[in-house]
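Welcome, and please open your viewer. Let's walk through this structure together, one selection at a time.

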Amino acid sequence: MKTIDNFNFENKRALIRVDFNVPMDENFKVTDANRIEAAKPSIIKVLEDGGSVVLMSHLGRPKGKNVPELSLRHICAKVSEVLGVEVKFVGTTVGEAAEKEASNLENGKVLLLENLRFNAEEEKGGEAFAEQLSKLGDIYINDAFGTAHRAHASTTIVAKFFPENKCFGYLLAKEIKAIDKVMQTGEKPVTAILGGAKVSSKITIIENILDKVDHLIIGGGMTYTFIKAQGGSVGDSICEDDKMELALDILKQAKEKGVEVHIPVDVIAADDFSNTANTTIVDVTKIENGWQGLDAGPKTLEIFKEVILKSKTILWNGPIGVFEMESFAKGTIAVGNYIAEATKNGAFSLVGGGDSVAAVKQFGFEDKVSYVSTGGGAMLESLEGKTLPGIAAIME
Ligand code: AMP
């Protein structure tokens, strides 16, 4: 795996694909600069080597049109501030003006291109557009994990114009290593905790992961499809009747593969999908009509705790209950605490994909787990076992 550390950038211009798709308020002020912070180490490495940097990113969904509100012009000052170096903005992505600015760039300087998605060829993965982009740098660095699952011009196609001179930036390399650690090289026992609303959206992940883990913890709304499939009564809980056979098949496959599956045994049921609903703790197989399971119960959490604390490698994707409502956040917080404790005791823990990342941030576990992935869709596709085009393009 070629990373940025395999190159010396003295007198070289790096063309870096970053993910500066940051949120802004109505006055175009960046409200969360995390993504800019995350790209900083790679940029600084190039500058400290004695090279210069051309940054390219998308922002929002302009769909191939020039949408002034989505210009990267608005974030240029913030990028300067975060990096601690002056960043020059050029109001275009390719062509004469961009090439001129890039070739005039002195070592130690940074140039920011306009929103890549103003050009329809970006998302189409246009070759000619990618070739034009490639003229802006000597070495291509991909440091945008969030778009690594897209075969866009700047994330994938451009790499072919740098057959020898292409590599992963620090952020992307870290993501790849973290996923590898869980999916390939993790110390046993390996445990995956999968929650969230539906079996249907997690099915490919579950199937892929059965070959890699020793324990599979199922939580969240998925629980009820598994319980009903085995003959339990789930009342008004979220349940995908058309996925019940699949659930039984997963359990069968798990057994054949020697994977221990842990499904809730008790839950907090509510008489309404509301934070102020009446609640009761019930056996998961005996939920009456008019009631729905919205969080894991205390016996369940004891079981989850025991499994998590003996794990050496942990993957967490998807909340354990409806964590957005305080009354049903206990399970998710408890699981976060167990993972934090296991991590403190030496386990490697990766939190990735969608709502579990939001939960981890909301409840303050971000610094207590080993790694929180920055890429939603890219992370999910990795867990599904897919080869991401942006990663493959650098490996080739
Ligand atoms: P996902 O995007 O598939 O990870 O699903 C996340 C969503 O699942 C969150 O918004 C949770 O509120 C929701 N969720 C978790 N547990 C339940 C449950 N028991 N019933 C309904 N929704 C749930």
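The stops below cover the domains, the place where they meet, and the ligand.

**Stop 1: the two domains.** Keep in mind as you look around that this is a predicted model. Select residues 4-173 and give them one colour: this is domain 1. Then select 186-383 in another colour for domain 2. If you place a marker at the C-alpha centre of each domain, the two markers will be 37 Å apart.

**Stop 2: where the domains meet.** How many residues of domain 1 are in contact with domain 2? There are five, and they touch nine residues of domain 2. Together the two domains bury about 570 Å² between them, with 59% of that area on carbon and sulfur atoms. Now select Phe145, His149 and Leu171: these three supply 78% of the area that domain 1 buries against domain 2, more than any other three residues.

What kinds of residues make up the domain 1 side of this interface? Two are nonpolar, two are polar and one is charged. If you look for salt bridges across the interface, the rule finds zero. The search for residue pairs in polar contact, both at pLDDT 80 or more, also gives zero.

**Stop 3: the ligand and its shell.** Next, select the ligand and show what surrounds it: 16 residues, the closest being Ala197, Lys202, Gly293, Glu324 and Asp355. Colour this shell by residue type and you will have six nonpolar, seven polar and three charged residues.

**Stop 4: polar atoms at the ligand.** Zoom in on Glu324, where a side-chain N or O atom is 2.4 Å from an oxygen atom of the ligand. Move to Gly293, and you will find a polar backbone atom 3.0 Å from a ligand nitrogen. At Gly221, a backbone N or O atom lies 3.3 Å from a nitrogen atom of the ligand.

To finish, show the ligand's surface: taken alone the ligand exposes 510 Å², and the protein buries 81% of that.

Notes
Residues are numbered from 1 along each chain as its sequence is written. This is a predicted model: local features need pLDDT of at least 70, side-chain atom pairs count only at pLDDT 80 or more; totals for chains, interfaces and linings use all residues. Side-chain values use heavy atoms; hydrogens and water are left out. Domain bounds come from an automatic or database domain assignment. Contact means heavy atoms within 4.5 Å. Buried area is the accessible area (1.4 Å probe) that two parts lose on being put together, summed over both. A salt bridge is a side-chain nitrogen of Lys or Arg within 4 Å of a carboxyl oxygen of Asp or Glu. A polar contact is a pair of N or O atoms within 3.5 Å; within protein, one must be able to donate a hydrogen and the other to accept it, and residues adjacent in sequence count only if both atoms are side-chain atoms. Ala, Val, Leu, Ile, Met, Phe, Trp, Tyr, Cys and Pro count as nonpolar, Asp, Glu, Lys and Arg as charged, and the others, Gly among them, as polar. A residue is near a molecule or strand if one of its heavy atoms lies within 4 Å of it. Accessible areas come from the Shrake-Rupley method with a 1.4 Å probe; for residues, only the protein chains shown count as cover.
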